[in-house]
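Reader: I've got a protein model open and I'm not sure how to read it. Could you walk me through it, one feature at a time?

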Amino acid sequence: MMVDVTAYFGFVGKGSSDDGRERSITTDISPTYAKQILELQAAGATDEDLHPLVAEAITESYFTRWGTRAKGLRADLTHVASIAFRF
């Protein structure tokens, strides 16, 4: 599953060099997160309900590159302008 999101990303973590700012990101997410997102959508979750989970998924795949860099970084997303999921 891919996620396309434009939102404000803020960061928490030791050694984070990027200040929070609006970003447009397209990235693949792990099957584990994809399954959770689909289950929550089927249960009636709104896009806003999914924001914390999507932030975790994007942190894993985009910001920490599957755990190979920026250990301990957490990205929070707010002020979401758009979000879309695709396969």
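Author: Sure! Keep in mind that this is a predicted model. Let's start with one residue, Ala75: its relative accessibility is 2%, and anything under 20% counts as buried, so Ala75 is buried.

Reader: Okay, and where does Ala75 sit in the fold?

Author: Look in strand S3, which covers residues 74-86. Also find Thr59: its C-alpha atom is 5.8 Å from that of Ala75, although the two residues are 16 apart along the chain.

Reader: How much of the whole protein counts as buried?

Author: Of its 87 residues, 37% do. As for the accessible surface, it adds up to about 5200 Å², and carbon and sulfur atoms contribute 50% of that.

Reader: Let me zoom out. How many helices and strands are there?

Author: You'll find two helices and three strands. Reading from the N terminus, the order is β-β-α-α-β. You can also ask how far apart in sequence the touching residues are. Among contacts with a separation of 6 or more, 64% are between residues 24 or more positions apart.

Reader: Now the helices. At what angle do the axes of H1 and H2 cross?

Author: Roughly 165°, and the axes come within 10 Å. H1 is made of residues 31-42 and H2 of residues 47-63. An angle over 145 degrees counts as roughly antiparallel, so that is the label for H1 and H2. The crossing of H1 past H2 is left-handed.

Reader: Which residues make the contact between H1 and H2?

Author: On the H1 side, pick out Tyr33, Gln36, Ile37, Leu40 and Gln41. On the H2 side, they are Leu50, Leu53, Val54, Glu56, Ala57 and Glu60.

Reader: What about the loop between H1 and H2, say at Ala45?

Author: Ala45 lies in that loop. Leaving aside residues up to four places away in sequence, Ala45 touches Leu40 and Leu50. You just met both of those in the helix contact, Leu40 on H1 and Leu50 on H2. With 22% relative accessibility, Ala45 counts as partly exposed.

Reader: How do I describe a pair of aromatic rings?

Author: You give the distance of the centres and the angle of the planes. This structure has two aromatic pairs. One of them joins Tyr62 and Phe63, with 4.9 Å centre to centre and 85° between the planes, which is edge-to-face.

Reader: Are Tyr62 and Phe63 buried or exposed?

Author: They get separate labels. Tyr62 has 32% relative accessibility and counts as partly exposed, while Phe63 has 5% and counts as buried. Now add Phe9 to your selection: ring pairs link Phe9, Tyr62 and Phe63 into a cluster.

Reader: One more thing, the backbone angle phi. Which residue in the loop between H2 and S3 should I look at?

Author: Try Arg65, which lies in that loop. Its phi is near 45°, a positive value in a residue other than glycine. Arg65 is partly exposed, with a relative accessible area of 49%.

Reader: And what is phi for His79?

Author: Near 50°, again positive in a residue that isn't glycine. His79 is found in strand S3. Its relative accessible area is 68%, and over 50% counts as exposed, so that's the label for His79.

Conventions. Residues numbered from 1 in each chain as written. Predicted model: local features only at pLDDT ≥ 70, side-chain atom pairs only at ≥ 80, totals over all residues. Heavy atoms only, no water. Helix = DSSP H or I, 4+ residues; strand = E, 2+ residues; numbered from the N terminus. Buried < 20%, exposed > 50% of the residue type's maximum accessible area, 1.4 Å probe, protein only. Contact = heavy atoms within 4.5 Å. Areas by Shrake-Rupley, 256 points an atom, 1.4 Å probe, with all protein chains shown as cover. Phe/Tyr/Trp six-rings, centres within 6.5 Å; stacked < 30°, edge-to-face > 60°. Axes fitted to C-alpha atoms, helices over the stretch in contact; angles between N-to-C directions. Parallel < 35°, antiparallel > 145°, perpendicular 65-115°, else oblique. Left-handed = near helix turned anticlockwise from the far one by under 90°.
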